[in-house]
Structures are given as C-alpha cells and as structure tokens.
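Hi,

Here's the structure I promised to pass on. Have a look at it first, then read on for what turned up.

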Amino acid sequence: MKKKTHEYWMTRAIVEARKAVTDNVEKLDKSIVSAEGKEILQRMKERRVAFLQSQEKVIAAALGGKREEGVAELLTTTRKLQADYLGAAKELLVYQTRLM
C-alpha cells in the first residue's frame with residue numbers, strides 16, 4: 001500500500017473545504033430573496049471564482065515543484081483576490097445582519 005503524502009492530504013483538505021463552502025453558498029442562494037442581497041451574493045460568487053482560479057495556480061505550482069512561481073502568484077495575486085472575496089462575504093454579512 002502506497003503511503004499518502006503531505007501533498008495528498010493538503011489537496012484533500014482544500015477540496016473538502018471548497019465543497020463545504022460551495023454547499024453553504026448554494027444554501028444562501030436559495031434563501032436570499034431581495035434584489036440587493038442577490039446582487040451582493042453574485043458579487044461574492046464572482047470574487048470567489050477569481051480567487052479559486054488563482055489558488056489553483058498556486059497549488060499547481062507547489063505540486064509541480066515550482067515553489068518560486070507559486071509564491072509569486074500567492075503574494076502578487078491570490079492574497080488580493082482572497083481579500084476581495086472576503087470583503088464581499090463581509091458585505092453580505094453586514095447586509096443580512098441589517099435585515100434582522
């Protein structure tokens with residue numbers, strides 16, 4: 001039996017986390033009814049896609065032994081896209097809180 005590597009467990013954890021987030025976004029999609037809420041959610045989803053695309057580049061570089069390329073992508077692109085995505089998530093949270 002082949003021993004599972006750190007890369008295997010790292011990749012598996014990322015896939016599982018992404019699935020959990022996707023499931024939660026789908027729940028939000030079904031529960032948000034206002035036009036403004038749907039607009040904010042759409043913005044968050046678009047920013048998530050951009051972040052995930054950049055994250056994929058970082059992962060591919062890491063798994064491909066291209067550490068410097070991965071670090072460059074992470075520091076120049078991924079972190080900003082992550083901040084944009086989290087900012088949109090916060091915007092949705094603030095909006096939803098205002099409705100309560």
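Before anything else, a term you'll need: a helix here is a DSSP run of H or I that is at least four residues long, and helices are numbered from the N terminus. With that in hand, you can place Thr77, which is found in helix α3. Keep in mind that this is a predicted model.

**The overall picture**

The protein has 3 helices and 0 strands, and along the sequence the pattern reads α-α-α. How spread out is the protein? Its radius of gyration is 16 Å, while the globule rule gives 13 Å for 100 residues, so the protein is more spread out than a compact globule. You can see this in the box that the C-alpha atoms fill, which is roughly 50 × 35 × 15 Å along the principal axes.

As for the surface, 22% of the 100 residues count as buried. The accessible surface is about 7,400 Å², and 60% of that belongs to carbon and sulfur atoms. The protein also carries 20 positive and 14 negative charges, and the mean positions of these two sets are 4 Å apart.

Now for contacts: if you take those with a separation of 6 or more, 69% are between residues 24 or more positions apart.

**The middle helix**

Helix α2 covers residues 35–63, and you can check its length yourself. At 1.5 Å a residue, its 29 residues should span 42 Å, and the end C-alpha atoms are 41 Å apart, which agrees.

Which residues of α2 are buried? They are Gly37, Ile40, Leu41, Met44, Arg48, Phe51, Leu52, Ser54, Gln55, Val58, Ile59 and Ala61. As you go through that list, remember that an α-helix has 3.6 residues a turn, so residues three or four places apart point the same way. And what covers the buried residues of α2? The cover includes α1 and α3. After α2 comes Gly65, whose phi is positive, near 75°.

**Four residues to click on**

- Thr22 lies in helix α1, which runs over residues 6–31. Why does Thr22 count as partly exposed? Because its relative accessible area is 28%, and partly exposed means between the 20% and 50% cut-offs. Thr22 and Gly65 are 43 residues apart in sequence and 29 Å apart in space, C-alpha to C-alpha.

- Ser34 sits in the loop between α1 and α2. With 23% relative accessibility, Ser34 counts as partly exposed. From Ser34 to Gly87 there are 53 residues in sequence and 20 Å in space, C-alpha to C-alpha.

- Thr77, back in helix α3, has a relative accessibility of 28% and so counts as partly exposed. Leaving out residues up to four places away in sequence, Thr77 touches Ser54 and Ala72. Ser54 is one of the buried residues of α2. Glu36 is 41 residues from Thr77 in sequence and 28 Å away in space, C-alpha to C-alpha.

- Gln96 also has its place in helix α3. Its relative accessible area is 27%, so Gln96 is partly exposed. How far apart are Gln96 and Ile32 in sequence and in space? They are 64 residues apart in sequence and 8.9 Å apart in space, C-alpha to C-alpha.

Happy exploring, and shout if anything is unclear!

Notes
Residues are numbered from 1 along each chain as its sequence is written. This is a predicted model: local features need pLDDT of at least 70, side-chain atom pairs count only at pLDDT 80 or more; totals for chains, interfaces and linings use all residues. Side-chain values use heavy atoms; hydrogens and water are left out. Helices (H or I, at least four residues) and strands (E, at least two) are DSSP runs, numbered from the N terminus. The radius of gyration is taken over C-alpha atoms; the globule rule is 2.2 Å times the number of residues to the power 0.38. Buried means under 20% relative accessible area, exposed over 50%, partly exposed in between (1.4 Å probe, protein chains only). Contact means heavy atoms within 4.5 Å. Accessible areas come from the Shrake-Rupley method with a 1.4 Å probe; for residues, only the protein chains shown count as cover. Lys and Arg count as positive and Asp and Glu as negative; His and the chain ends are not counted. The place of a charge is taken as NZ of Lys, CZ of Arg, CG of Asp or CD of Glu. The expected span of a helix is 1.5 Å times one less than its number of residues.
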